Amino acid sequence: MKVLRTVKEIQEYTKEVKAQGKTIGLVPTMGCLHEGHLTLMRAAREACDIVIASVFVNPTQFGPNEDFDAYPRQFDEDCKKLETVPVDAVFHPEPEEMYPEGFCTYVNVEGEFTHRLCGAQRPIHFRGVATVVTKLMNLARADKAFFGQKDAQQVVVVKRFVEDLNIPVEITMVPIVREPSGLARSSRNRYLSDKEKEAALILSKSLKEGQKAFDSGEKNARKIEEIVTAKIKTEPMASIDYVKVYSFPALEPIDTVDDEALLAIAVRIGKTRLIDNVILK
């Protein structure tokens, strides 16, 4: 597995790969890899000749009071996991390599859907995501890029700017990977104490309640939200950021679930903010 640390190194590597007529799959990550990430890479492995993972904690998608400095970094451990897939190359630049002095160009997706869910509380987040993903896709010369359903709003944002900017990359969303307990795999799970991890199970439990109501015939979006909210409130350690049902993938407000919809939640357990979702269809 090649470790690429500079823009020049990844450009030279992907130029050589493309000259051989091979397809490239990109899996952008911020590291602290878990089984959810590795599932994305296995999907890329099946679909493409060459798989490039990026491990880059992107400063431009963190707000001033968020956990950029505290975000876990464990590159050596990540590399051991990447080799089990295996991936062909990992791109691991320093922030100064991606955002050199004088950098002033950003990709800003202005659709209303970027101001909902996580975008409502993290106003600069998707600008940072769109900018770094654009740079990574260009550097990797990616034919396909793979993202997890847990970040469903992010997938919608990526698909939107890829279409709007005519970027020739196919975006694939891979289903959520869960721990045996039902907790969605997340790098932020490591912030949780044992007690908090137990409390965090309320996310998947509440989504199951919403899914069960929908499967039993409940199509009223507000009623589904109320059912999920009531379940979350049974956990004293949980604080709700949002419980929302939107159309999917448009992420438009709806009153009735007549077509595919996203039931998405964000909950704080202690100081840790966790997200999860199910697609109702």
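This passage walks through the overall build of the protein, its ring contacts, one strand pair and a few unusual backbone spots.

The model is a predicted one. Counting secondary structure, the protein comes out with 10 helices and 9 strands. The C-alpha trace stretches over about 55 × 40 × 40 Å along its principal axes. As for the radius of gyration, a compact globule of 281 residues would come in near 19 Å, and the protein has 19 Å, so the two agree. Burial fits into the picture here too: 54% of the 281 residues count as buried. Turning to contacts with a separation of 6 or more, 72% of them come from residues 24 or more positions apart. On the outside, the protein exposes about 13,500 Å², with carbon and sulfur atoms supplying 47% of that area.

Next come the aromatic rings. Searching the whole structure turns up 5 aromatic pairs. One of them brings together Phe 56 and Tyr 99, with ring centres 6.4 Å apart and planes at 35 degrees, so this pair counts as tilted. The two partners come from distant parts of the chain, 43 residues apart: Phe 56 belongs to the loop between β3 (50-55) and α3 (75-84), while Tyr 99 belongs to the loop between α4 (95-98) and α5 (118-121). Phe 56 and Tyr 99 are both buried. They don't stand alone, either, since ring pairs tie Phe 56, Tyr 99, Phe 103 and Tyr 106 together into a cluster. Another pair, Phe 62 with Tyr 71, is edge-to-face, at 6.0 Å from centre to centre and with 75 degrees between the planes. Here again both residues, Phe 62 and Tyr 71, are buried.

Rings also take part in contacts with charged side chains. Arg 73 lies over the face of Phe 68, 4.9 Å from the ring centre. Over at Phe 214, the charged end of Lys 219 sits above the ring at 4.7 Å from its centre.

Among the strands, β7 (residues 238-247) is worth a look. This strand is mostly covered, with 7 of its 10 residues buried. Its antiparallel pairing with strand β8 (residues 261-269) runs over 9 bridges. Within that pairing, Val 243 has Ile 265 of β8 as its bridge partner.

The loop between β7 and β8 holds two backbone oddities. The first to mention is Pro 249, which is placed in this loop. A cis peptide bond joins Phe 248 to Pro 249, with omega at about 15 degrees. The other is Leu 251, which lies in the loop between β7 and β8 as well. Although Leu 251 isn't a glycine, its phi is positive, at about 55 degrees. Leu 251 has a relative accessible area of 0%, so it counts as buried.

Similar features turn up elsewhere in the chain. The peptide bond from Val 85 to Pro 86 is cis, and its omega is near -5 degrees. Pro 86 is found in the loop between α3 and β4 (89-91). Leu 117, for its part, has a positive phi near 50 degrees despite being a residue other than glycine. The place of Leu 117 is the loop between α4 and α5. With a relative accessible area of 7%, below the 20% cut-off, Leu 117 is buried.

What does Leu 117 touch, leaving aside residues up to four places away in sequence? The list is Gln 153, Tyr 242, Lys 244, Tyr 246, Leu 251, Leu 262 and Ala 264. Leu 251, itself a buried residue with positive phi, is thus among the contacts of Leu 117. For Leu 38 the picture is another one: Leu 117 and Leu 38 are 79 residues apart in sequence, and their C-alpha atoms are 26 Å apart in space.

Note on methods: Residues are numbered from 1 along each chain as its sequence is written. This is a predicted model: local features need pLDDT of at least 70, side-chain atom pairs count only at pLDDT 80 or more; totals for chains, interfaces and linings use all residues. Side-chain values use heavy atoms; hydrogens and water are left out. Rings of Phe, Tyr and Trp (its six-membered ring) pair if their centres lie within 6.5 Å; planes under 30 degrees apart count as stacked, over 60 as edge-to-face and the rest as tilted. Helices (H or I, at least four residues) and strands (E, at least two) are DSSP runs, numbered from the N terminus. Buried means under 20% relative accessible area, exposed over 50%, partly exposed in between (1.4 Å probe, protein chains only). A charge sits over a ring if NZ of Lys or CZ of Arg is within 6 Å of the ring centre and within 35 degrees of the ring normal. The radius of gyration is taken over C-alpha atoms; the globule rule is 2.2 Å times the number of residues to the power 0.38. Contact means heavy atoms within 4.5 Å. Accessible areas come from the Shrake-Rupley method with a 1.4 Å probe; for residues, only the protein chains shown count as cover. Two strands pair if DSSP finds at least two bridges between them.
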